[in-house]
Amino acid sequence: MIRRGMVMGLLAMALAGCGNGYSHVVDKPQSEVVAALEDLDITAQPGNPGTDPKASGGTLPDIRLEKAADHMTWWVMSGDKVAISMTANFEPLDGGKRTRVTTSVARGDAPDDSVSPAFRSVGITSGLFSLAVEGELNKLTDGPRASAEDCREMIEKWREAGEAEAEMRPQERPQNLSQAIGEGARNTIKLQAMADALRRRGCPTGGGGAFAPVSSEMKPADDSDAPRPRETDSADTSGDGIPDN
């Protein structure tokens, strides 16, 4: 179980905010990077974003994947309007042996009332998308698996750091909705960072059992009715900011 101290430990080891953009150089050619990202599922990220129609006026998002020569874009549609788009751009390096992956997020024109909360904010979506991309890329370069003892030691260090942080700087209650959303997004990113660090070391992140070797495959959202990305037939050739199909 993740105790409050552990969560506070993540606060003490915070990542830098929820900006729009992420860059990662992978020691793999672009073809392998694209293959790794093809099964990326943004709805499987913390909180299963976009899977609760009650949070978006009864509308589940339609997620479309556009693939082009130098990028992949996931379009989150609300009806015939774009809620948000998430793009991973590819730049070959060292004659194609390595690839720089850069992400960006752009808000569309769908009204907030018909958009899931996680897709209304560029900052929140960017954080979730960057972590999802990083998780898939890390699978390409994962190192040796850690022992159960090493996994327990990592958790214990986070717990101790969290308790120390809680004593030094108690967390204040949010004063408004914007602060609450921002704090929630930051906490999600920190928690996912811890889970990703554990996964890279070969430690299980699902909970409910002893540490043992774990698969690096991303699990789908628990909700069987959750939206799944579907690949579009062509890129946004019209340049109007809306996928062609």
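How many of the 245 residues of the protein chain count as buried? In this predicted model, the share is 42%. The chain holds five helices and six strands, and read from the N terminus on, these elements run α-β-α-β-β-β-β-α-α-α-β. Contacts that reach across the sequence make up much of the picture: among contacts with a separation of 6 or more, 69% join residues 24 or more positions apart.

The helices give a handy way into the fold. Two packed helices are described by the angle between their axes and the distance between the axes. Take helix α3, which covers residues 122–141, and α5: their axes come within 10 Å and cross at roughly 5 degrees. An angle under 35 degrees counts as roughly parallel, so α3 is roughly parallel to α5. On the α3 side, the residues that meet α5 are I124, G127, L128, L131, E134, G135, N138 and K139. Their partners in α5 are I181, A185, T188, I189, Q192, D196, R199 and R200.

Helix α5, residues 177–200, also packs against α4, this time at an angle of about 160 degrees and with the axes 10 Å apart. That angle is over 145 degrees, and α4 is therefore roughly antiparallel to α5. The crossing of the pair is right-handed. Here α4 puts C151, M154, I155 and W158 into the contact, while α5 brings in M194, A197 and L198.

On its other listed pairing, α3 meets helix α2, which spans residues 30–37. The two pack at about 125 degrees, their axes 9 Å apart. What does that make α2 relative to α3? The answer is oblique, because an angle of about 125 degrees falls in none of the ranges for roughly parallel, roughly antiparallel or roughly perpendicular. This crossing, too, is right-handed. The α2 residues involved are E32, V33, A36 and L37, and they meet V133, E136, L137 and L140 of α3.

Now for the charged side chains. A search of the whole structure turns up nine salt bridges. Two of the pairs sit within helix α4, which runs over residues 148–168. One of these pairs is E153 with K157, where the closest N and O atoms are 3.4 Å apart. The two residues are four positions apart, about one turn of the helix. Buried or exposed: how do these two residues count? E153 is partly exposed, at 39% relative accessibility, whereas K157 is exposed because its 52% is over the 50% cut-off.

The other α4 pair is R159 and E156, with closest N and O atoms 2.3 Å apart. These residues are three positions apart, again about one turn of the helix. R159 has a relative accessibility of 17%, which is under 20% and so counts as buried. Its partner E156, at 31%, is partly exposed.

Another salt bridge joins the side chains of D112 and R107, at 2.5 Å from N to O. Both ends of this bridge are partly exposed: the relative accessible area is 41% for D112 and 26% for R107.

Salt bridges also link D27, D94 and R98 into a network. One member of that network stands out for its backbone. Most residues other than glycine have a negative phi. D94, although not a glycine, has a positive phi of about 50 degrees. Where does D94 sit? Its place is in the loop between β4, residues 81–93, and β5, residues 98–107.

Finally, there is H24, in strand β1 (residues 22–26). H24 has a relative accessible area of 17%, so this histidine counts as buried, the cut-off being under 20%. The H24 side chain makes a polar contact with the side chain of Y22, at 2.6 Å. Which residues does H24 touch, leaving aside those up to four places away in sequence? They are T99, R100, V101, E134, L137 and N138. Several of these names have come up before: E134 and N138 are among the α3 residues that meet α5, and L137 is one of those in α3 that meet α2.

Notes:
Residues numbered from 1 in each chain as written. Predicted model: local features only at pLDDT ≥ 70, side-chain atom pairs only at ≥ 80, totals over all residues. Heavy atoms only, no water. Salt bridge = Lys/Arg side-chain N within 4 Å of Asp/Glu carboxyl O. Buried < 20%, exposed > 50% of the residue type's maximum accessible area, 1.4 Å probe, protein only. Polar contact = N/O pair within 3.5 Å; in protein donor to acceptor, adjacent residues only side chain to side chain. Contact = heavy atoms within 4.5 Å. Axes fitted to C-alpha atoms, helices over the stretch in contact; angles between N-to-C directions. Parallel < 35°, antiparallel > 145°, perpendicular 65-115°, else oblique. Left-handed = near helix turned anticlockwise from the far one by under 90°.
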